[in-house]
Amino acid sequence: MKVGIIGAGPRGILMVSQLFNQFKNRSDQSEPLSITLFDPYGIGGRVWRTDQWEGLIMNTPADQITLFTDESVNMTGRVFDGPCLFEWAPSNEAHQYLTAHGFSAQIIAAAAKLGSRDYAPRVLYGAYIQWFYDELLKLQPLEAHTSLIREQVTGLNPNPNGTATLTARGSEYTFDKVVMALGQQDNYLNEDEQKLAQYAQDNRLRYLAPTHPGDADLSDIPAGEDVIIRGLGLSFTDYVSELTLGRGGHFMHNDDGSLSYQPSGQEPRIIAGSRRGIPYYPKAISEKGYGEQVEPVFLTPENMDKESVDGKLPYSKFIELLKLDLELTYYRLMIEQRYPSKNANEFKQQFIKATDRQALIDQYHFNEEDLFDWDYIVNPFKDVKAVNTVAYQTIMINWLDSVTADAQQGSKTGPLGSTLELLRDFRSPLRKFVADQRLSNADFVNDFLTEFESNNNFLSIGAPALRSEQLSALIRSGIVIILSPGMEVKGDNGWFVTASPHRNADKFKSSTLLEARVPAPNLDRTANPLLEDLVQNANARTRLLQVGDKKVPVGAVDVDPQTDQLYNRAGIVQDAIFIWGVPLEGLRYITSASPRPGVNDPTLQTADKIAAEVLGLPTAANVQMV
Ligand SMILES: Cc1cc2nc3c(=O)[nH]c(=O)nc-3n(C[C@H](O)[C@H](O)[C@H](O)COP(=O)(O)OP(=O)(O)OC[C@H]3O[C@@H](n4cnc5c(N)ncnc54)[C@H](O)[C@@H]3O)c2cc1C
């Protein structure tokens, strides 16, 4: 059996692991197994490339990252147990590996002191993936052979005899099965981006299109000049770190515990903004143990069934049920923290049973500032209409300091941060919710993929709290200026000019514009030559949903949802070609996360299932695919 795997990020490497596992433990091994991996970035892939700036850190605590399986995983293969990132990094084995493979003293030191809830440098996770792969090769079954070709695949075609042939740098390779694990990739620029890129070219300005922050070269941005950053999410945090810490700046603790920034003098001044005008909420410091996740009390299949009309849950009811779960955790922790005379457990029981929950909340006489106000959480400055940029910095610092203080209390203590953390805990139920098509297509496309996704990103995928603490210090030092909501950017008089015209008349100009966002997976806009080739040759199609009398594309590559085998344009399953992970976002939900130990992780389940399918073996039932 000859298998080609395109992409050597976490999913590609997991596929190798599960193929070995299935081959060794479940097949008769009558035919040798040959695996060829393709990825220009090598083992670990692009996000986790080990030559990126070492100051870029992960957004997931080190004890929640693994490539090994465990007893919780619904799979047919044998459990392949081993250390998660946190267990591996400080070990002697890691020390020896990192030293022998030429990692820097800084990475070796970071590994040695990595705590369970710390956020590892991305380079260190890259090293962990490489180590994992090397360990796999040591355990490679006798009848198996694995190789890596560091090339981009530019074409893939099914053959009439059931095999598939791919093209990489002019050479053709034929396989019995091909598995694509392509991750997030670049898109063609949209109209607005194209205009700005063209303007930059015509006026000799710098324009950085949306890309992976680890690939971006910011070295020619001059010190002392203004740079405009559009986007206040995770990539913004990366770029700010690189332009401050990466330029030799330092943070120092003041006597009152707050941070101050000591500039190196090499920083530009950063003018940043977005439509919402607010950076993502910080991630609460993890207090959760192995496999620990909160289960929904209200957003359950039973309640969803009860609230459904003609088999579909209205979006408003979905938000209502979700909000009840969030409120429950919020008030429970608020009582524990600020209302010692009241009993949090009693509140919980009463809240679950109550028919009039507002009356119950009223009975507890919470202070006004302690009330759960969803509209305010989602839009903290909704009452701030006109505000000049200087005044907005004070509003922003106060907000950042307040949400950071809450996040620093921990993910089981700070009332707000712990509540937002539920959105991460609920990823599996939400994935099932999407897979079961609980919402009507119209609600899914018009509300879930727009409003909910945007709010969910803002509330729950933010950077670690230490980064928002640093951002507050950077704003105080004048190195970063955040524009009020409604940021606009255009080319004007030979410069990029940015402003938030609905809030004030302030304008900033710069010769540099950084687009701080990783391109969203979208088959209709992808610049990945392999996916383009598949579409052009009618071997792939975008998933469409019927909304009213229209078929609406959701950006995902269309697959047989049971097997992840690719549909061609005509909707025929191509047996030899599998694709999983990020390019299926829209059909699946939250595909861009690395596996977590102890939680029946869906990426680990899917890897096992696809590996069994590739080898023609029976698969586990009720697998949650992602
Ligand atoms: C900047 C950034 C930070 C992130 N931080 C976190 C985090 O802290 N925690 C977390 O859980 N998740 C994080 N993620 C999400 C990330 O997607 C997953 O953690 C994980 O990397 C997904 O694994 P993957 O193998 O599916 O995709 P990837 O890791 O993206 O790997 C896909 C690989 O496929 C290769 N490829 C694509 N097309 C071709 C082709 N045509 N030919 C050959 N090779 C090809 C690419 O080069 C790439 O190496 C982050 C993502 C980004 C972009």
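1. Ring pairs join F298, Y330, Y331, Y339, F347, F351, Y364, F366, F372 and W374 into one cluster. The model is a predicted one, and the points below should be read with that in mind. In the whole structure there are 38 aromatic pairs.

2. One of these pairs is worth looking at in detail. Two rings are described by how far apart their centres lie and by the angle of their planes. For Y339 and F366 the centres are 5.2 Å apart and the planes stand at 90 degrees, an edge-to-face arrangement. The pair links distant parts of the chain, with 27 residues from one partner to the other. Y339 belongs to the loop between α9 (315-338) and α10 (344-353), while F366 belongs to the loop between α11 (357-363) and α12 (374-378). Are Y339 and F366 buried or exposed? Both of them are buried.

3. Helix α10 also contributes to the cluster, through F347 and F351. These two residues and A344 are buried. Why do A344, F347 and F351 lie on the same side of α10? They span an arc of only 55 degrees around the axis, which places them on one side of the helix. The general background is that an α-helix has 3.6 residues a turn, so residues three or four places apart point the same way.

4. The buried residues of α10 pack against α9 and α11. On the other side of α10, N345 and K353 are exposed. At the start of the helix, a side-chain oxygen of N343 comes within 2.8 Å of the backbone nitrogen of N345.

5. Two arginines are placed over aromatic rings. The charged end of R357 sits over the ring of F351, 5.4 Å from the ring centre. F351 is also a member of the aromatic cluster. Elsewhere, R541 lies over the face of Y567, at 5.1 Å from the centre of that ring.

6. The chain is divided into three domains, and two of them are built from separate stretches of sequence. Domain 1 consists of 2-81, 126-186 and 521-614; domain 2 of 202-276 and 470-515; domain 3 of 301-460. The centres of domain 1 and domain 3, taken over C-alpha atoms, are 34 Å apart. How many residues of domain 1 are in contact with domain 3? There are 17, and they touch 17 residues of domain 3.

7. F68 sits in the loop between β2 (33-38) and α2 (85-88). This residue counts as buried because its relative accessibility is 4%, and the limit for buried is under 20%. Leaving aside neighbours within four places in sequence, F68 is in contact with F80, D81, G82, P83, Y128, W131, F132 and L604. For P83, the separation from F68 is 15 residues in sequence and 7.3 Å in space, C-alpha to C-alpha.

8. Two residues should be checked for their backbone angles. Most residues other than glycine have a negative phi. I590 has a positive phi, near 50 degrees. I590 is in the loop between β21 (573-579) and α19 (602-614), and it is buried, with a relative accessible area of 12%. N622 also has a positive phi, near 55 degrees. N622 is found in the segment after α19, and at 75% relative accessibility it counts as exposed.

Note on methods
Residues numbered from 1 in each chain as written. Predicted model: local features only at pLDDT ≥ 70, side-chain atom pairs only at ≥ 80, totals over all residues. Heavy atoms only, no water. Phe/Tyr/Trp six-rings, centres within 6.5 Å; stacked < 30°, edge-to-face > 60°. Helix = DSSP H or I, 4+ residues; strand = E, 2+ residues; numbered from the N terminus. Buried < 20%, exposed > 50% of the residue type's maximum accessible area, 1.4 Å probe, protein only. Lys NZ or Arg CZ within 6 Å of the ring centre and 35° of its normal. Arc of directions from axis to C-beta. Contact = heavy atoms within 4.5 Å. Polar contact = N/O pair within 3.5 Å; in protein donor to acceptor, adjacent residues only side chain to side chain. Domains from an automatic or database assignment.
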